[in-house]
Each structure stands twice: as structure tokens, then as C-alpha cells.
Amino acid sequence: LLPSAGGEADIAQYLQVVPGVVFTGDQGGQLYIRGGAPSQTGILLDGVTIYNPFHTIGLFSVFETDAIRNVEVQTAGFNAQYGNRTSAILDVRTKDGNKNRLSGKVSASPLMARVMLEGPLAKAKREGGSSTTFLLTAKHSYLASTSKSLYGGFGEPFKSGLPYTFTDLYGKITFNGDNGSKLNVFGFSFDDKAKILNPVTHTEDATFNWKAYGGGTTFVVTPAGSSSLISGRFAYSKYLIDYTNFKDANSAPRTSGIDGFEGAIDFTYFLPGYSQLEYGVEVSGCHTPQD
């Protein structure tokens, strides 16, 4: 049901029609919600901060549409559990793998190819019993190749094609317990590349490369005989920018990046009258290189 570009539905295209959202399609894509800067919006994948969730030209995100369980967009009034973000929250949660059978999906369009595979690693021996499942997704854009035939008739600069490409990988293993407890272990790698004119040599041998990768674990524990649950997460995420063959006036290579870790434990108590009490502890940190 999402709007799509080139036959590929994506969360990035949906966000552009949400009130209060301004989306720019420059290098890497930038998202502005209710006037806040991109750094003031928290983008989460299974509770892990994603520093740059949108691909070049802003048409697609790093999130695989078929693997999404739910997306929550909060443009105001979000809880303290999201930390120090001041503009908005985009919380993306992926689904668990199929518990009963091996299944998958392969698709291709003029813009990209996608594949998703899911299934059980260990089936439950009884109804509601413990099980282990997996979920793997991958997508790759070949726009740099197909754009020459799609847009070549418009002349330059389209005749040479659009020099953008990206590759996304995501994997997840879920351990389901007998009493509703669950442990997720996941990892991701998102890679963007764009070739541009080198200002030094005036040839198209300069490459912009954005890469995000990381992983973590989330868990939910439901103590027996108690109307409460314990949940938490531990994760690491890194984002790098590398300008290959692109040098400034001092002939120094240009790189940048940020990486961070986060850990949290939350407690939820279910009270009479459909009320509940939540509290927790979170520890996080980030680092930027000095180069």
C-alpha cells in the first residue's frame, strides 16, 4: 500500500507525504520533521540508531520493506525512552523469521534487485514451544547501468547514466522461549557509492562512499507468575564517509564518520484497569574521528 517509485515501495517515499516532513534528495538524503535538523530526529532499526538511513537521491531507505513488521513515526510528544532527540522519532521494527517453513521472495525492477529468505532453524516440538528462526534480506541497485538506457534520450548529463549504486544486507536470528521470552541477534551493512567529477583531475574517478554497519541483540523476558516483563538491548553502530581520489587544496584525503554504542534495560509492570508502569536505564556513547 506504500507509494512507490519505479515499482519499488519504500518507507522513504511514504515519509515524503506525511504532514510536517520535508525530504531533500541530495547526497545521502536528508529528513527534516517539524523544522528540526536531521540530527535531531532519531532513526531506529530494532532499537539501534541508524546515522544515515536514506540512500543517495533520497528515493530509498536502508530498510527492507518486506522485512518490516511495523513503523512508528512520532513527530511530537514522544516518551523519554527515546533519549535526547528533540524533533521526531522514526522507529522501525523487523519481523521474525517464519517458524513453520522455509520461504522467500525474489524481485527485480529497472532500479534494483531484492531477495528475502526466512525460515526455522529449530522448529517447536509442541504448540507454543521454543523455536529458532532466521531472516536474511539483501538488495542491490544497478541504477548506474540501467539509467543509460532509461534516461539516455535526455542528453547529458543523463546520457552517461546516473552514477549511483547501493547494497544493503540485513540478517536476524530469533530464539523464542516457552513462556514468551525472546532473544534477537542481528547485524546489518548498508553501502552507498557515487562517482563524481574529480575537481583535481577533471575526470570521473572520484568516488563518494557512505557505509553503515553494526549489530546487536534485543531480548524480552517474561517472569513466570508475574504481571511484568523485562526487555533490553545492546548494540553498536558505525557510519563512515570516504571520498576516494578526492583531495582538498592541501592534497589531504577527506574522510569522516561516527560510531556509537547503546545499552538499555526496561521494566514494564501491568497494573489493574489497563494501566502500566514503565521505567528503565540506558547507557549510550558516541565517537567521531579526529582525522
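Phe166 is buried in this predicted model, with a relative accessibility of 7%, a value that falls under the 20% limit for buried residues. The residue is found in strand β12, which covers residues 164-176. Leaving aside residues up to four places away in sequence, Phe166 touches His55, Phe60, Met112, Lys139, His140, Ser141, Asp191 and Asp192. The C-alpha atom of Phe166 is separated by 7.9 Å from that of Tyr142, a residue 24 positions away along the chain.

**The chain as a whole**

The protein chain has 291 residues, of which 41% are buried. Its secondary structure consists of two helices and 17 strands. Among contacts with a separation of 6 or more, 55% are made by residues 24 or more positions apart. The accessible surface of the chain is about 15500 Å², and carbon and sulfur atoms account for 57% of this area.

**Nonpolar cores**

In soluble globular proteins, nonpolar side chains tend to be buried together. The largest nonpolar core of this model has 33 residues. Within this core, the residues with the most contacts are Leu31, Leu45, Ile50, Phe63, Phe188 and Phe190. Two or more residues each come from α1 (11-15), β3 (21-24), β4 (30-33), β5 (41-45), β8 (88-94), β13 (182-196), β14 (206-221) and β15. The element that gives the most is β13, with four residues.

Ile50 illustrates how such a residue is surrounded. Apart from residues up to four places away in sequence, Ile50 touches Ile43, Leu45, Val62, Phe63, Phe188 and Phe190. A second core, separate from the one described above, has six residues, including Phe60, Met112, Leu143 and Leu162. Phe60 and Met112 are also among the residues that Phe166 touches.

**A four-stranded sheet**

Strands of a sheet pair through backbone hydrogen bonds, either parallel or antiparallel. One open sheet in the model has four strands in the order β6-β5-β8-β7, and its pairing is mixed. At the edges are β6 (48-49) and β7 (68-74), each of which pairs on one side only. The strands β5 and β6 run antiparallel and are joined by two bridges. Leu45 has Val48, in β6, as its bridge partner. Leu45 is also one of the residues with the most contacts inside the largest nonpolar core.

**Salt bridges**

The model contains 13 salt bridges. Three of them are set out below, with the distance between nitrogen and oxygen.

| Salt bridge | N to O distance |
|---|---|
| Lys139 and Asp10 | 3.8 Å |
| Asp66 and Arg114 | 2.8 Å |
| Lys182 and Asp96 | 3.1 Å |

The side chains of Lys139 and Asp10 meet in a salt bridge. Lys139 lies in strand β11 (residues 131-141) and Asp10 in the loop between β2 (8-9) and α1, so this pair ties together parts that are 129 residues apart in sequence. Lys139 is buried, with a relative accessible area of 4%, and Asp10 is buried as well, with a relative accessible area of 1%. Lys139 is, in addition, one of the residues that Phe166 touches.

Asp66 forms a salt bridge with Arg114. Because Asp66 lies in the loop between β6 and β7 and Arg114 in strand β10 (residues 112-122), the pair ties together parts that are 48 residues apart in sequence. Asp66 is partly exposed, with a relative accessible area of 23%, whereas Arg114 counts as buried at 11% relative accessibility. Both residues belong to a network of salt bridges that links Glu64, Asp66, Lys105 and Arg114.

Lys182 forms a salt bridge with Asp96. Lys182 lies in strand β13 and Asp96 in the loop between β8 and β9 (103-108), so the two residues tie together parts that are 86 residues apart in sequence.

**A nonpolar patch on the surface**

Some nonpolar side chains lie at the surface. Tyr213, Tyr236, Leu240, Phe261, Val281 and Val283 make a nonpolar surface patch of about 520 Å². The elements that give two or more residues to this patch are β15 (228-247) and β17 (275-287). Val281 lies in strand β17. With a relative accessible area of 56%, Val281 is exposed, a value over the 50% limit for exposed residues.

Methods:
Residues numbered from 1 in each chain as written. Predicted model: local features only at pLDDT ≥ 70, side-chain atom pairs only at ≥ 80, totals over all residues. Heavy atoms only, no water. Buried < 20%, exposed > 50% of the residue type's maximum accessible area, 1.4 Å probe, protein only. Contact = heavy atoms within 4.5 Å. Areas by Shrake-Rupley, 256 points an atom, 1.4 Å probe, with all protein chains shown as cover. Patch = residues over 30% accessible without salt bridge, like charges linked within 9 Å, V, L, I, M, F, W, Y side chains within 5 Å. Salt bridge = Lys/Arg side-chain N within 4 Å of Asp/Glu carboxyl O. Core = buried A, V, L, I, M, F, W, Y, C linked by side-chain atoms within 4.5 Å. Pairing = 2+ DSSP bridges.
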